[in-house]
Amino acid sequence: MIELKTIEKTYGSGDTATPVLKGISFRIQAGEYVALMGASGTGKSTLMNIVGCLDKPTGGQYQLDGADAVTLDDNALSHLRNQKIGFVFQQFHLLERTTALKNVMLPLIYSEPYPEDAEQRAEKVLTAVGLNDRMYYRPGELSGGQQQRVAIARALITNPQIILADEPTGNLDSKSGLEILAIFKRLHRDGHTIIIVTHDEEVAEHADRVIVLKDGKIEQDRRVAQPRDAEKEVDERIGREDAE
Amino acid sequence: MRLLRIITEGVRSLRINKLRTFFMMAGTIVGIAALTVIMAIGKGTEKKVMKRLQNFGPRAIMLIAGGGKDLPPPDITVTTLTLADAEAIRNQIDGLEIVAPMAWNFNVNVTREANLHQATVWGVEPTWHEAWNWHVTDGEGISDQDVATMAKVCVIGETVRRELFGESDPIGERLYINKVALTVKGVLESRGASPMGMDFDSRVVIPITTAMRRVMNVDHVGAIRLISKDVSLIPRQAEAVRSMIHQRHHITPPEEDDFRLITPMVIAQLVKGIASTLSFLLIALAALSLFVGGVVMMNILLISVAERTKEIGLRRAVGATRGDVFAQFLTESLAVTIFGTILGSLLGLGVSVLLPRITPMPVVVTWEPFALAVAFALLVGTFFGVQPARRAARLHPVEALQ
């Protein structure tokens, strides 16, 4: 699915050249749930941008679902992002003064062919993230957790194979964060490949596999023996609250 | 269709920020309104010129007694022009179809039995009818023989007929001017009133010899009307007449002329005068507001691109190409100018309709200004929209999202 070989990224050139990624190689199979970890400044955001086809490496090879993401031109990369990757950002990045439904439909504008049932699809993904009663709300009228769920629905609308989330719980309280992680868990169970970029150990515990970056290199790439199950934890929490 | 969806996005963002959109539009509205009014005035002036030229006679030159710049025709006391001048022109100037001297007197009492009417009395040669294209509808016009024999005959205008003869047939009847009895031999076709309110039909036309010897007792004429064989000859003929009269009247410029020469060109100049001053101001206003409006729009768009960096980054992340972003922002500038053009055209239309009611400005509304306005709008929208759109399209998605 995703295959990186000795990926390098250097900003600037000559004397001021700053290498950020110094030869990163890994493979992610379809359906994996991976946490990409590292302290700030270790290059994990840069790596996420390359994996998400938002940026190109200065060296190495990157195959995404059989496509050579290094040599593709800008238009082809845009198409690739539209079709294969769903982005979830820390700051949600919703369009202001625009309904949840319209926000979710945004990627479809750039989809070919445009689906006949665009609106129904948006309603469906919004229902899937539990916002069936908030479709015509604007971001300002939604809580942080709800906004992030709109963003996840938006990431799902083109039915991409990969969900790429950059600190998705970073701006949320722990309860909302857990709910978001529960959604990821379910998407993973449904067969999506989930990649979460985080510096938060607790978030990483929900993934099957953790890749830790340090100084632009992979420090650690390990399987998680017993990943936490956010869905179950949310259920338990609701149960506990009900009991109180 | 993808482009259509992107255009919809551009228009949607204009709808969301109505105030911003209005500011972007203001210059276009004023500019296009001014443009519309200019063109309406231009057309109106053109039409007025055509009408005035038609009245004046497109092939006519008027040589009028008395100098100066004052517009009203000279009265009987101005004695500078004579039949000899007319004769000289007839003999020495080539390419003239008609040379028609006229003598006239205003507000002359014309009587018939107990009826009295004040009319203008015109002494003319037979060619007068042709020179003014003004013929009788009843009876006969002035003839060569009338002039040769100083005949006591007249042709009357419609108003004179009505005032003096009422319902009865005037042909063969007599009327009196200064105790001279004149037999009515014809009635002129009605021409109504002049734009200044003068009644053209209040006139008695008599042979020029009769007028000068029997009625007015003068040796001079008021004006000589010349009809050229071709419009293109007029400027040269007018100059030839001018230098000839200078010589005959012993005038050496810069000494002041004792006559006036009016050509169709002078008439056109006169009519265009006021309108062109206003048009010039409006053209300046239109150009200025379209330019300033365009610059303002460009700046607001540039600010908007900066403000919406994250939105652009997001659109790129979810699959928008550089071209898509470019198209969206160009749509915004084009939609602003096109919609501004519609509003501006309506405003201009309103002013164009109102203008003739509060000023003597001639106005004609046609479709051309609207076509021109749309062309302008697309030009301004593109010219000032490309730069912001390019800046938006060039944003790197990673940097835009930070």
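This report describes a predicted model of two chains, A and B.

## Overall dimensions

The table sets out the two chains.

| Chain | Residues | Helices and strands | Radius of gyration | C-alpha spans along principal axes | Buried |
|---|---|---|---|---|---|
| A | 244 residues | eight helices, 10 strands | 18 Å | about 60 × 45 × 30 Å | 45% |
| B | 402 residues | 13 helices, 12 strands | 33 Å | about 105 × 55 × 30 Å | 40% |

Chain A agrees with the globule rule: for 244 residues, a compact globule would have a radius of gyration near 18 Å, and chain A has 18 Å. Chain B does not follow suit. A compact globule of 402 residues would come near 21 Å, but chain B has 33 Å.

Chain B has a domain assignment. Domain 1 takes in 2–51 and 269–401, while domain 2 covers 60–229. Domain 1 of chain B is thus written as two segments. The centres of the two domains of chain B, taken over C-alpha atoms, are 58 Å apart.

Contacts can also be sorted by their separation in sequence. In chain A, take the contacts between residues at least 6 apart: 68% of them join residues at least 24 apart. In chain B, residues 24 or more positions apart make up 82% of the contacts with a separation of 6 or more.

## Where the chains meet

The contact draws 21 residues from chain A and 19 residues from chain B. On the chain B side that touches chain A, four elements give two or more residues: α1 (2–16), α10 (309–317), α11 (322–358) and α13 (397–401) of chain B. By class, this side of chain B has nine nonpolar, eight charged and two polar residues.

## Nonpolar cores

In soluble globular proteins, nonpolar side chains tend to be buried together. The largest nonpolar core here has 115 residues. Its members L36(A), A153(A) and I196(A) touch the most other members. Helix α2 (residues 18–56) of chain B gives the most to this core, with 13 residues. Another core lies apart from it. That core has 52 residues, among them A65(B), L81(B), V204(B) and I206(B).

A153(A) can be followed further. Leaving out residues up to four places away in sequence, A153(A) touches V104(A), V125(A), L126(A), V129(A) and L131(A).

## Helix α7 of chain B

Helix α7 of chain B runs over residues 208–215. Its buried residues are I208(B), T210(B), A211(B), M212(B) and V215(B). What do the buried residues of α7(B) pack against? They meet the strands β3 (96–112), β4 (115–124), β7 (174–177), β8 (180–188) and β9 (203–207), together with helix α5 (144–148), of chain B. Just after α7(B) comes N217(B), with a positive phi of about 60 degrees.

## An open sheet in chain A

Chain A holds an open sheet of four strands. The strand order is β2-β1-β4-β5, and the pairing is antiparallel. β2 (18–28) and β5 (67–68) of chain A are the edge strands, each pairing on one side only. Strand β4 (residues 59–64) of chain A is joined to β5(A) by two bridges, and the two run antiparallel. Across this pair, Q63(A) stands opposite D68(A) in β5(A).

## Backbone features in loops

Three loops deserve a look.

In chain A, the peptide bond joining E112(A) and P113(A) is cis, with omega about -5 degrees. P113(A) sits in the loop between α3 (100–109) and α4 (118–128) of chain A.

H93(A) has a positive phi, near 55 degrees, and is not a glycine. It belongs to the loop between β6 (85–88) and α3 of chain A. Is H93(A) buried or exposed? H93(A) counts as buried because it has 21 C-beta neighbours inside 10 Å, where 20 or more are needed.

K179(B) is also a residue other than glycine with a positive phi, about 70 degrees. K179(B) is in the loop between β7 and β8 of chain B. K179(B) counts as exposed because it has 7 C-beta neighbours inside 10 Å, and the limit for exposed is 12 or fewer.

How values were computed
Residues numbered from 1 in each chain as written. Chains lettered and ligands numbered in written order. Predicted model: local features only at pLDDT ≥ 70, side-chain atom pairs only at ≥ 80, totals over all residues. Contact = placed C-beta atoms within 7 Å. Nonpolar A, V, L, I, M, F, W, Y, C, P; charged D, E, K, R; others polar. Domains from an automatic or database assignment. Rg over C-alpha atoms; globule rule 2.2 N^0.38 Å. Core = buried A, V, L, I, M, F, W, Y, C linked by C-beta atoms within 7 Å. Pairing = 2+ DSSP bridges.
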